[in-house]
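Colleague: I should like to learn how to read the meeting of two chains. Please take me through the main features in turn.

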Number of protein chains: 2
Amino acid sequence: MPPWGCKPLYDTLAETMNVATHELRCIDCGARIAGSAVNSIFRCPTCNGLYDVIYPWSSIPNGDTPASDSKLPNASALRWLWQERRTSSLPEDQSGVWRFRDLLPIIDDPEKVVTLREGNTPLYDLPRCARIAGIDWLLAKHQGMNPTSSFKDTGMTAALSVAQERGFEWVACASTGNTSAAMAAYAARAGMRSIVFIPEGKIAWGKLSQSMDYGALTIQLKTDFDGCVNVLTDLVNRFPIMLLNSVNPYRLEGQKTPAFELLEQLEWQVPEHVIVPGGNLANSSALAKGFTEIHHLGLIHRMPKISIIQAEGANPLYRTIEENGGKELIPVKANTRASAIRIGNPASWKKALRALRTTGGWCEQVSEQEIALAKAEIGAEGVGCEPASAVTLAGLKKLVAQGKVGREERTVLILTGHTLKDSDYTINYHRDELFTDAENAQLSAAEKAEHAALRKPPIVLEADTNVVYRELESHMKLAQQV
Amino acid sequence: MPPWGCKPLYDTLAETMNVATHELRCIDCGARIAGSAVNSIFRCPTCNGLYDVIYPWSSIPNGDTPASDSKLPNASALRWLWQERRTSSLPEDQSGVWRFRDLLPIIDDPEKVVTLREGNTPLYDLPRCARIAGIDWLLAKHQGMNPTSSFKDTGMTAALSVAQERGFEWVACASTGNTSAAMAAYAARAGMRSIVFIPEGKIAWGKLSQSMDYGALTIQLKTDFDGCVNVLTDLVNRFPIMLLNSVNPYRLEGQKTPAFELLEQLEWQVPEHVIVPGGNLANSSALAKGFTEIHHLGLIHRMPKISIIQAEGANPLYRTIEENGGKELIPVKANTRASAIRIGNPASWKKALRALRTTGGWCEQVSEQEIALAKAEIGAEGVGCEPASAVTLAGLKKLVAQGKVGREERTVLILTGHTLKDSDYTINYHRDELFTDAENAQLSAAEKAEHAALRKPPIVLEADTNVVYRELESHMKLAQQV
């Protein structure tokens with residue numbers, strides 16, 4: 001209870017929540033276990049598969065019917081409840097994740113959630129980007145507006161709440177930066193200790209500063225992201241540490257809630273398309289789970305297509321689909337400036353494949369230059385994002401050009417990180433120092449002109465009014481001509 | 001109207017808003033003018049004083065009575081209206097500024113506001129910082145959780161909406177970084193062009209990256225912040241550019257709304273203390289205006305004390321109060337690592353002085369080392385902030401030690417910027433590279449130990465499980481001993 005004495009407004013309705021009634025189900029062999037019985041690496045001991053969190057009332061994509069004893073209120077009662085909670089001052093109601101707690105009963109006491117008031121992220125319309133991409137209606141759901149400035153917060157509030165309830169004192173993750181920032185913040189909030197493993201020299205400094213600031217023990221390993229995962233997997237078998245990479249299925253329960261929030265913001269009208277960046281591939285999986293559950297519950301009557309965009313230099317899912325139809329993952333040596341998706345061996349590839357197939361979406365890849373251009377275009381709308389987020393717009397352009405997305409199809413980009421997450425990238429781009437000469441030489445004249453029109457390098461001038469006056473005059477004349 | 005067709009929920013009540021009924025009133029000579037008649041430098045042509053925005057229903061601190069023809073709904077109707085708007089999907093209702101538009105009728109059509117869904121920032125309790133400061137109850141209102149990651153967004157949504165309504169195509173500001181980021185984003189949102197003047201080499205790079213990303217024309221002048229203000233003041237007299245520094249009184253109308261939001265989050269229970277960083281001094285002024293207006297309207301029955309904390313190296317208000325009792329500003333050559341408050345000649349010093357006197361708060365100064373320590377302490381709560389925000393906690397410690405704030409007094413720190421706003425500072429602090437040897441030599445052994453306990457420099461290790469195992473073992477043992 002907060003010290004200023006506000007009271008739960010909806011005690012009675014909150015009891016409709018089915019407390020701790022979840023199970024975990026292996027996505028490969030289908031084996032079910034109690035949530036509390038899971039091993040430290042969150043993988044099926046029989047077949048090494050990942051788990052889904054399932055509930056008595058939840059359908060699973062491959063076809064089970066929900067348990068008939070579901071106590072969940074009906075669709076309109078849920079919508080009303082979620083809306084009303086927005087007027088409450090309680091932390092669990094002000095959280096954009098726990099406001100939907102009826103659909104993630106993974107802890108016993110929702111008053112004890114570890115929250116930084118994540119979620120409640122804005123939905124922006126992007127009229128100029130829509131025009132560039134060639135469609136009528138484009139929105140961005142900006143998950144970079146979360147407390148630690150990335151979408152990972154929605155997952156960490158869920159997983160840290162479970163870790164706290166189960167008595168863990170230590171948590172750990174391997175990270176390209178965003179995961180570690182989120183984990184460190186939520187662990188600090190819960191009074192827990194956190195360890196982050198980061199590939200040495202390959203992450204954005206801004207992100208590393210966050211894990212230090214939030215008091216994590218930061219260990220840079222002389223390897224890449226996938227190497228960090230390997231070391232960490234060994235360690236959680238030997239220490240009482242909860243593993244907080246996205247194999248932890250509780251993270252995905254939090255990360256599914258932006259689907260609910262998005263639908264609520266659209267007054268429950270389903271967009272045709274949702275486009276997500278593809279790194280470790282848990283985000284697309286989580287959103288698909290959210291849409292699927294809410295479809296099953298009858299709050300929406302059709303599913304949006306979910307498409308996944310990868311960087312050309314970190315395209316294991318794209319290659320897997322192209323080269324073997326999704327049978328077996330083709331890991332790659334990841335190399336892209338979009339550090340948040342620099343992942344060559346993504347843990348959740350099967351879940352992501354399921355999301356693509358269930359919803360009828362596509363997987364596409366985009367070049368480094370396409371990412372940079374799209375990032376600048378999103379920035380010029382006054383919105384901004386980190387490079388990895390911009391693959392969504394770059395991918396949309398391709399999907400439209402290929403005729404896969406029609407002009408009239410309503411599309412939502414999921415922006416995953418704030419522009420401040422990687423300010424070096426932005427600065428280098430605008431100073432034209434991001435790409436090598438060899439890379440720039442590959443651009444056509446038209447492409448070069450597109451970049452040049454967006455670049456805004458700072459101008460250094462003497463602090464003399466007349467000098468500045470002349471400079472401004474030339475810019476204003478230029479603007480009039482445009 | 002957004003294309004997905006949601007409808008204004010509260011048409012009727014929204015009409016209670018007194019459209020464009022404001023005037024500007026000089027804080028020095030009291031002269032009143034229509035808002036549309038103001039000059040380009042937003043200063044009284046008679047006495048060069050700054051303006052307050054005033055309304056028929058608003059009281060002014062020096063004693064006028066409100067006009068009797070006020071059409072404003074009563075206190076409980078307003079509270080209900082503001083709460084209900086939280087359930088709406090309209091941009092102007094989802095904005096934490098325009099949700100309170102009844103108290104800032106500065107534009108004719110609230111459907112045309114330029115908004116990034118600013119405001120709605122979290123209120124965190126800081127139990128460990130409270131213990132460190134020696135009080136029972138400490139909260140942080142985190143304005144760094146705004147779209148461009150600083151409190152400036154609440155002001156820019158207001159000022160840009162006015163600029164758009166008045167037909168300006170260009171806007172400009174001088175900035176230590178946060179102002180420019182916010183202005184550039186809102187200008188881009190409105191389809192307007194923006195120019196930012198930044199002191200060369202003295203701002204945080206993260207912030208500069210934002211104004212480039214949002215498409216501003218960025219001009220670095222070879223001078224300090226105050227020099228930038230001088231050049232800009234000349235220019236707005238010669239070009240049709242709206243000046244967006246905090247002399248623009250419309251910015252303060254937006255910046256007063258966090259006071260309303262804070263009170264709403266506290267269920268309208270007034271805290272004893274609100275502590276604000278002091279740079280250009282508009283923020284403290286704006287919050288005081290917010291509290292004063294809402295007090296006048298009867299929504300609260302007493303005022304909180306508002307205290308202002310400055311860095312020792314940028315302490316013009318502190319010196320002015322200490323040395324001449326607030327008679328005449330003593331400008332200083334500003335020098336502090338807390339770049340957002342590196343201002344030696346603050347425009348709004350008289351308004352800030354009025355805020356201190358009206359509310360009974362204090363002005364205090366804190367050292368560079370005190371700022372760094374407080375920043376790390378706020379970070380270790382999982383919250384984080386930029387250096388300038390941390391002066392609030394550092395100042396609180398001093399006020400408690402001096403007996404000015406009692407243990408039982410409920411205190412709210414206003415955190416003004418996100419930790420990502422200055423990641424270099426964080427990295428340098430944790431690596432013990434922030435201060436010179438001479439500075440460190442001035443610390444006592446106890447102070448050195450305080451810093452050392454908070455520092456979390458990254459450890460670089462080989463990607464070998466056994467190596468990492470041994471390292472972790474030592475940290476876990478250490479943690480058990482603590």
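**The interface of chain A and chain B**

Modeller: Between them, chain A and chain B bury about 8,900 Å², of which 61% lies on carbon and sulfur atoms; buried area is the accessible area (1.4 Å probe) lost by two parts on being put together, summed over both. This is a predicted model, in which local features need pLDDT of at least 70 and side-chain atom pairs pLDDT 80 or more, while totals for chains, interfaces and linings use all residues. Residues are numbered from 1 along each chain as its sequence is written, chains are lettered from A and ligands numbered from 1 in the order in which they are written, and side-chain values use heavy atoms, without hydrogens and water.

Colleague: How many residues does the contact take from each chain?

Modeller: Contact means heavy atoms within 4.5 Å. Chain A gives 97 residues and chain B gives 97 residues.

Colleague: How many salt bridges are counted between chain A and chain B?

Modeller: A salt bridge places a side-chain nitrogen of Lys or Arg within 4 Å of a carboxyl oxygen of Asp or Glu. Eight are counted between chain A and chain B. One salt bridge joins the side chains of A:Glu462 and B:Lys222, at 3.3 Å from N to O.

Colleague: By what turn and shift can chain A be laid on chain B?

Modeller: Two copies of a chain are related by a rotation about an axis and a shift along it. Here a turn of 180° and a shift of 0.0 Å along the axis lay chain A on chain B with an RMSD of 0.0 Å, the superposition being by least squares on C-alpha atoms of residues with pLDDT of at least 70 in both. The two copies are therefore related as by a two-fold rotation axis. The same surface serves both copies, as 100% of the contact residues of chain A recur in chain B.
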